[in-house]
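Welcome! Take a moment with the sequence and the model shown here, and then let us walk through it together, section by section.

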Amino acid sequence: MSLETVKAHFKKWNREADILEFETSSATVELAAEAIGCIPARIAKTLSFKGEGDQAILVVAAGDAKVDNKKFRQAFGLKARMLSADEVVEQTGHIIGGVCPFGLANELDVYLDISMKRFETLFPACGSSNSAIELTLDELVEYSSAKEWVDVCKGWEEEQVKEAVASNINQPQN
């Protein structure tokens, strides 16, 4: 039913028909990138953490980013503790592999990690393990009702540096 709640969510913007549904699984960053035909970094993964009390915190990050515990603690004043699979379903209404910041079962705080800002569009899941939608950063902010942009991830900057170095090495020198 989760896909249906996400479709209902996107109806507000007349975007429900833009949801992509795949014959194959898109439950992991790699599978989603393969199904869509994009690089894994452009998959917007939604990570679910324990927040204050019983309230979860959702962080949407680029597919190649990993949560940095020190940055997470600085941003939220909490230790980064992921929810269990059961807690994810209870809090978001979505199963692991389809978690997204849309059509949520509860009103949760959604934060967007700056690791996504290097792309014009990204592909978050849409409530099932075989769905996604292509969104611009502005659309992602609006449709997720994100509270703010945060810097709580690592790993993606190193990839950018490696790519820049590799492209410079392959450039002919004058």
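## Aromatic pairs

Across the whole structure, a search turns up seven aromatic pairs. One of them brings together phenylalanine 10 and tyrosine 143: their ring centres are 5.5 Å apart and their planes stand at 90°, so this pair is edge-to-face. Because phenylalanine 10 belongs to helix H1 and tyrosine 143 to helix H5 (residues 137-144), the pair ties together parts that are 133 residues apart in sequence. Phenylalanine 10 is buried, with a relative accessible area of 0%, and tyrosine 143 also counts as buried, at 6%.

Another pair is made by phenylalanine 49 and phenylalanine 72, whose ring centres lie 4.7 Å apart with planes at 45°, so it is tilted. It links distant parts of the chain, with phenylalanine 49 in strand E2 and phenylalanine 72 in helix H3, 23 residues apart. Phenylalanine 49 is buried at 2% relative accessibility, and phenylalanine 72 is buried at 0%. Please keep in mind that this is a predicted model.

## Around helix H1

Ring pairs also build a cluster, joining Phe10, Trp13, Phe102 and Tyr143. Histidine 9 sits in helix H1 (residues 2-11). Which residues is histidine 9 in contact with, leaving aside its neighbours within four places in sequence? They are Phe102, Gly103 and Tyr143, and two of these names, Phe102 and Tyr143, appear in the ring cluster as well. Why does histidine 9 count as buried? Its relative accessible area is 12%, and the cut-off for buried is under 20%.

## The open sheet

Six strands make up an open sheet with mixed pairing, in the order E8-E6-E2-E3-E5-E9. At its edges stand strand E8 (135-136) and strand E9 (148-150); each has a single partner strand, so one side of each has no neighbour in the sheet.

Strand E2 (residues 43-50) runs parallel to strand E6 (residues 121-124), and two bridges join them. Here alanine 44 is found opposite proline 124 of E6. With strand E3 (residues 56-62), E2 runs antiparallel, and this time seven bridges make the connection. Phenylalanine 49, met above in a ring pair, has isoleucine 57 as its bridge partner in E3. The hairpin of E2 and E3 has five residues between the strands, and glycine 53 in this hairpin takes a positive phi near 60°. Six of the eight residues of E2 are buried, so the strand is largely enclosed by the rest of the structure.

## Helix H3 and its two sides

Helix H3 (residues 69-76) has Lys71, Phe72 and Phe76 among its buried residues. These three cover an arc of only 110° around the axis, which means that they lie on the same side of H3. Lys70 and Gln74, on the other side of H3, are exposed.

Now for the ends of this helix. Aspartate 68 caps the N-terminal end of H3, with a side-chain oxygen 3.0 Å from the backbone nitrogen of lysine 70. Following H3 comes glycine 77, which has a positive phi near 70°.

## The chain as a whole

The protein chain contains six helices and 10 strands. Of its 174 residues, 46% are buried. Among contacts with a separation of 6 or more, 64% are between residues 24 or more positions apart. The chain exposes about 9400 Å², and carbon and sulfur atoms supply 49% of that area.

Definitions and conventions
Residues numbered from 1 in each chain as written. Predicted model: local features only at pLDDT ≥ 70, side-chain atom pairs only at ≥ 80, totals over all residues. Heavy atoms only, no water. Helix = DSSP H or I, 4+ residues; strand = E, 2+ residues; numbered from the N terminus. Buried < 20%, exposed > 50% of the residue type's maximum accessible area, 1.4 Å probe, protein only. Contact = heavy atoms within 4.5 Å. Pairing = 2+ DSSP bridges. Arc of directions from axis to C-beta. Polar contact = N/O pair within 3.5 Å; in protein donor to acceptor, adjacent residues only side chain to side chain. Areas by Shrake-Rupley, 256 points an atom, 1.4 Å probe, with all protein chains shown as cover. Phe/Tyr/Trp six-rings, centres within 6.5 Å; stacked < 30°, edge-to-face > 60°.
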